[in-house]
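Reader: Could you take me through one part of this model closely, beginning with a single pair of facing residues and working outwards? I'd like to see how the neighbouring pieces fit around it.

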Amino acid sequence: MFATSPVQQMLFEQRRIFVKRDDLLHPDFSGNKARKFYHFLSKDYSHITHLVGSGSAQANSLYSMSVLAKQRGWRFDYYVSHLNDFIIQHPMGNYAAAIANGANIIDVSQLQQAFQYQQMHLDDVVKKIVEANYSRHCSLLHIPEGGRCEYAESGLAMLATEVIDWAQLNNLTELKVFLPSGTGTTAAYLNKQLKLQLVNNNITRINLEVITCSTVGGDEYLIQQFSELVDKEYYPTVVNDGHKYHFGKLTKRCFDMWKSVCVSGIEFELLYDPVGFLVLKDYLAKHSQWQGDIVYLHQGGVLGNQTMLPRYQRKFAK
């Protein structure tokens with residue numbers, strides 16, 4: 001369904017790194033959403049009539065789920081914690097594209113039961129709403145925020161195979177795959193699948209490691225997410241650069257880094273990638289003697305730049 005994503009070279013911090021271009025997998029299912037939703041695209045879900053999801057109003061998963069629902073002819077309800085007036089009046093990016101695909105975006109804060117949901121995580125809120133309001137459970141597909149579920153593993157197993165095949169083809173023996181994490185789903189399942197496939201295929205000449213950093217909630221939060229997905233032996237290595245990053249908060253450090261890496265000719269997205277490259281910069285500085293290779297996983301999401309870039313430009317206009 002998806003062709004193998006290409007790998008390109010770029011210069012970062014005066015050294016060669018590779019970029020796995022998962023953003024080029026598919027115009028509607030790019031990056032980690034293509035991997036996470038592969039299961040739902042490749043299996044028979046003819047019994048489903050209704051899709052329910054949750055997250056932010058500009059999430060990449062919102063757009064990809066809206067395409068999935070449209071292709072399959074499903075109704076699609078998507079719950080957000082809050083929907084501000086500006087985006088309602090000036091729809092753009094993932095939000096606008098999802099609306100055009102027929103998504104029904106529901107602001108939980110405006111529901112009659114909103115007071116009951118205060119202090120609850122959005123995923124827990126949506127579980128309660130599904131239990132209370134969706135009676136025909138057999139025809140319902142509920143995908144947790146960010147595609148964080150066990151079904152994501154099948155698509156990430158394919159990614160692991162691609163990485164190993166590429167490493168063997170290019171005679172690489174010391175390889176670290178780096179990616180920034182939100183829920184940690186991609187990093188956890190990718191690391192698990194890399195380890196399993198190397199063992200199962202008796203590949204001993206490649207030393208592979210997945211390294212990631214938190215963009216939401218800090219290292220402890222990210223490790224907690226891993227614990228709900230995989231056994232401890234499959235946890236990726238979590239690193240940081242000593243800075244606390246607040247998801248979606250605009251900082252000049254992030255904007256400057258984004259502009260710097262986009263000079264490569266590859267457009268990166270503005271939520272996760274700036275943090276990823278800042279942490280990778282710090283990691284490379286601390287491991288300057290290491291002579292192996294780095295693959296940065298481009299997880300797509302550039303459609304979100306339509307809303308993020310104007311915000312950055314307004315805040316840091318020269």
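**A parallel sheet and its surroundings**

Author: Happily! In the sheet, Arg75 of E4 has His50 standing opposite. Please keep in mind that this is a predicted model, in which local features need pLDDT of at least 70 and side-chain atom pairs count only at pLDDT 80 or more, while totals for chains, interfaces and linings use all residues. Residues are numbered from 1 along each chain as its sequence is written, and side-chain values use heavy atoms, with hydrogens and water left out.

That facing pair belongs to the contact between strand E3 (residues 50–54) and strand E4 (residues 75–80), which run parallel and are joined by 5 bridges. Strands count as paired when DSSP finds at least two bridges between them; the elements themselves are DSSP runs numbered from the N terminus, with at least four residues for a helix (H or I) and at least two for a strand (E).

Stepping back, E3 and E4 belong to an open sheet of 4 strands, ordered E5-E4-E3-E6 and paired in parallel. Strand E5 (104–107) and strand E6 (140–142) form its edges, each pairing on one side only. From one strand to the next, the twist averages 20°.

Helices come next. Helix H3 (residues 60–72) packs on this sheet, where it touches E3, E4 and E5, and its direction makes about 165° with that of E4. Here contact means heavy atoms within 4.5 Å, and angles, from 0 to 180 degrees, are taken between N-to-C directions, with axes fitted to C-alpha atoms (for helices, over the stretch in contact). Helix H6 (residues 122–133) lies across E3, E4 and E6, running at about 150° to E3.

The loop between E5 and H6 holds Met120. Its relative accessible area of 28% makes Met120 partly exposed, a class that lies between buried (under 20%) and exposed (over 50%), using a 1.4 Å probe and protein chains only. Leaving aside neighbours within four places in sequence, Met120 is in contact with Val125 and Lys128.

Further along the chain is helix H7 (residues 153–169), whose 17 residues reach 24 Å from first C-alpha to last, close to the 24 Å expected at 1.5 Å a residue. The expected span is 1.5 Å times one less than the number of residues. Many side chains to look at here: the buried residues of H7 include Glu153, Leu156, Ala157, Ala160 and Trp166. After H7 comes Asn171, with a positive phi near 55°.

Several of those H7 residues meet Gln193, which is found in helix H8 (residues 185–200). Not counting residues up to four places away in sequence, Gln193 touches Glu153, Leu156, Ala157 and Ala160. An α-helix has 3.6 residues a turn, so residues three or four places apart point the same way. The side chains of Gln193 and Glu153 are also joined by a polar contact of 2.8 Å, meaning a pair of N or O atoms within 3.5 Å; within protein, one must be able to donate a hydrogen and the other to accept it, and residues adjacent in sequence count only if both atoms are side-chain atoms. With a relative accessible area of 12%, Gln193 is buried.
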